[in-house]
Amino acid sequence: MQPAPSSSAAVSESGRPIPPSLWRDGDFRKLWAGQTASQLGEHACLVVLPLFAVLTLNAGAGQLGVLRAVGQAPILLLSLFVGAWVDRWRTRTVMVLTDIGRTMALGGAALAGLLGWLGLPALFVVAFAVGALSVFFDVAYQASLVRLVERDQLVRGNSALEGSRSAAQIGGPALGGALVSLLSAPVAAAAGALFFALSFLSIRRIRRTESVPARSGRPPRVWRRIHEGLRFVAREGALRAVCLASGAFQFSFAAMMTVYLLFLPRELHLSASTVGLALAATGPGALLGSMLAARLPGRFGYGTVLVSAAALGDGVFLCVPALSGSSPATVPALLAVSFLFGTGGQLVNVTVMAVRQAITPDPLQARAAATITFVGMGLTPLGSLLGGFLAETWGLRTSLLVTAAGMLLSPVVMALSPLGRLGRALPGPGEVPTDG
């Protein structure tokens, strides 16, 4: 029997009181702590590996694009299969195994670096391994929340988990840049391995039995399960719009970040630690975005928040090509850009995830998440390659301006779709406005 909520308890959109027990739930706290550590290690690696390639191995724009593409390729290659698989297994088991794998991969990279063997080929292998295992972890943790909390608590739960990702964005890039600059790439890789190990220790302690969909008879073939997930997302107008908007953003963002990671040290002459600091400013903004995501959709409407936040967060990068390394305003301006990008991006992330989870039936949660990841992020390797190509042929400033402008396609797609017409109430299955 559920305890009666206190008089100060929040009220859900359905009119039912939300039990003030989310943070009293030990299993949710373990998931939150493990996801925080995992994201911290992942965000540190996203800076450590490219900076090691650029600053230590003197990698060119094309090589950096290839390195980033290799790390992102598993999204395209594995997402659909991972979604079909995770829906039939306990997400705790999946997350624990992926944490072990990433700890071993980065631990091996640290050892190879200490022995002087950490060159570009080794970086490619590590980037692919960490990227592949991260696909498993990310799909599993998104599905795990639905199995741990009530639907009325999805927004709060997502806000908390995305808040933990904010903390990772605060510490990860700064830590990665500082370790590469002050110590060495092997030490930075070892730090990433340590965070994945901490994630493993936390998540493995989750004790609640998950409500995994029952298996009756011979399981359907994986292609049939993948097709079921694809068909559901394709038929649901809001999820279809999420795929298109995410694809436009992620493709352009991958290209922009490849140029950006070259623009900061080579055009603005910033050190690795300063680059890490500039990137880390995304974290405080994302933390603010997580807090706002728990309030703004209910006040202004989910559609309004999605479109406005995406336009703000994506459009702010158009200011960066005007910066000069000799100006004292350069670093403060980069911090402001990252902060606003983090705020807008996190508002979009939390709101979209809550909408997707609310309108998706439980047996399809992992497949829906994987399908959106596949369609939305599957083109990121090509985006990274495009960024490297543009940087070599058009120059860094022009390429940065073009790729930043491409990110604005995302809010345009959302504004013209059923997502832009969502109201103040979180919809349920079949309740999203149709196209037209």
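A helix, as the word is used here, is a DSSP run of at least four residues of type H or I, and helices are numbered from the N terminus. With that in mind, the reader can turn to this predicted model, in which the protein has 17 helices and zero strands. Of the 436 residues in the protein, 56% are buried. Among contacts with a separation of 6 or more, 87% are made by residues 24 or more positions apart.

A good place to begin is helix α15, which covers residues 380–394. This helix has 15 residues and reaches 20 Å from its first C-alpha to its last, which is close to the 21 Å expected at 1.5 Å a residue. Several of its residues are buried, namely Thr380, Pro381, Gly383, Ser384, Gly387, Gly388, Leu390 and Ala391. What lies over these buried residues of α15 includes helix α2 (61–86), helix α8, helix α14 (365–377) and helix α16 (396–406). After α15 comes Gly395, a residue whose phi is positive, near 95°.

How do α15 and α16 lie relative to each other, and at roughly what angle do they cross? Their axes come within 7 Å and cross at roughly 140°, and because an angle counts as roughly antiparallel only when it is over 145 degrees, α15 and α16 are described as oblique to each other. The crossing of α15 and α16 is right-handed. On the side of α15, Leu390, Ala391 and Trp394 take part, and they meet Leu396, Thr398, Ser399, Val402 and Thr403 of α16. Sorted by class, the residues of this contact are five nonpolar and three polar, with no charged residues.

A second pair of helices is formed by α8 (residues 237–267) and α13 (residues 330–359), whose axes come within 13 Å and cross at roughly 155°. Since this angle is over 145 degrees, α8 and α13 are therefore roughly antiparallel to each other. Their crossing is left-handed. From α8 the contact draws on Ala238, Leu239, Val242, Phe249, Phe253, Tyr260 and Leu264, while α13 contributes Leu334, Ser338, Phe341, Val352, Arg356 and Ile359. By class, the residues where α8 meets α13 divide into 11 nonpolar, one polar and one charged.

Ala238 in α8 is worth following a little further. Its relative accessibility is 0%, and Ala238 therefore counts as buried. Although Ala238 and Val352 are 114 residues apart in sequence, their C-alpha atoms are 9.5 Å apart in space.

Two of the residues already met, Phe249 and Phe341, return in the surroundings of Asp314, which is found in helix α12 (residues 302–315). Is Asp314 buried or exposed? Asp314 has 6% relative accessibility, and because buried means under 20%, Asp314 counts as buried. Leaving aside residues up to four places away in sequence, Asp314 touches Phe249, Phe341, Ala404, Met407, Leu408, Ser410 and Pro411.

The last stop is Gly276, which has its place in helix α9 (residues 272–280). With a relative accessibility of 0%, Gly276 counts as buried. Measuring tape aside, the sequence alone would place Gly276 and Val48 228 residues apart, yet in space they are 9.3 Å apart, C-alpha to C-alpha.

Terms used
Residues numbered from 1 in each chain as written. Predicted model: local features only at pLDDT ≥ 70, side-chain atom pairs only at ≥ 80, totals over all residues. Heavy atoms only, no water. Axes fitted to C-alpha atoms, helices over the stretch in contact; angles between N-to-C directions. Helix = DSSP H or I, 4+ residues; strand = E, 2+ residues; numbered from the N terminus. Parallel < 35°, antiparallel > 145°, perpendicular 65-115°, else oblique. Left-handed = near helix turned anticlockwise from the far one by under 90°. Contact = heavy atoms within 4.5 Å. Nonpolar A, V, L, I, M, F, W, Y, C, P; charged D, E, K, R; others polar. Expected span 1.5 Å × (residues − 1). Buried < 20%, exposed > 50% of the residue type's maximum accessible area, 1.4 Å probe, protein only.
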